[in-house]
Amino acid sequence: WSLGEEGASPARPKDFLQLALDDCARWLELEPGCSDAARKKAELEAKVKQKQEKLQKEVMGKLKDLGNTILGKFGLSLDNFQAEKDPATGSYSINFKK
């Protein structure tokens, strides 16, 4: 059994944490009153969320680095811009600051 099996490739390995969560969800479907299944599912959901947040932070950091590389050629940085969310509409306005 390896990552090279069905559905996975070296470029896209299987997400075993997500597969375990899917298994727990199915376990709960089969045994709705099982407290072990519910506890394990909640545990795995927290781990999946933590993993997603870590990945999002990493991706945003890389995007910021890329943006700073491009803007640096013009003497600017992403730190020169401020995004503010309008709570009424949910849209963002971007302001330039020095």
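**Close-up 1. The buried side of helix 1 in this predicted model.** Three residues of helix 1 are buried: Leu21, Cys24 and Leu28. Their arc around the axis is only 60°, so they sit on the same side of helix 1. That fits the usual helix arithmetic: with 3.6 residues a turn, residues three or four places apart point the same way. As for what they touch, the buried residues of helix 1 pack against helix 2 (35-72).

**Close-up 2. The other face of helix 1, and its span.** Turn to the face directed away from the buried side and you'll find exposed residues, namely Asp23, Glu29 and Leu30. Helix 1 itself runs over residues 16-30, 15 residues in total. From first C-alpha to last it reaches 21 Å, close to the 21 Å expected at 1.5 Å a residue.

**Close-up 3. An aromatic pair, phenylalanine 81 with phenylalanine 96.** Searching the whole structure turns up just 1 aromatic pair. The ring centres of phenylalanine 81 and phenylalanine 96 lie 5.3 Å apart and the planes meet at 70°, so this one counts as edge-to-face. The pair ties together distant parts of the chain, with its two members 15 residues apart. Phenylalanine 81 belongs to strand 1 (residues 81-85), while phenylalanine 96 belongs to strand 2 (residues 92-96).

**Close-up 4. Are the two rings' residues buried or exposed?** Neither label quite fits, since phenylalanine 81 has 31% relative accessibility and counts as partly exposed. Phenylalanine 96 is partly exposed too, with a relative accessible area of 44%.

How values were computed
Residues are numbered from 1 along each chain as its sequence is written. This is a predicted model: local features need pLDDT of at least 70, side-chain atom pairs count only at pLDDT 80 or more; totals for chains, interfaces and linings use all residues. Side-chain values use heavy atoms; hydrogens and water are left out. Helices (H or I, at least four residues) and strands (E, at least two) are DSSP runs, numbered from the N terminus. The expected span of a helix is 1.5 Å times one less than its number of residues. Buried means under 20% relative accessible area, exposed over 50%, partly exposed in between (1.4 Å probe, protein chains only). The arc is that of the directions from the helix axis to the C-beta atoms. Contact means heavy atoms within 4.5 Å. Rings of Phe, Tyr and Trp (its six-membered ring) pair if their centres lie within 6.5 Å; planes under 30 degrees apart count as stacked, over 60 as edge-to-face and the rest as tilted.
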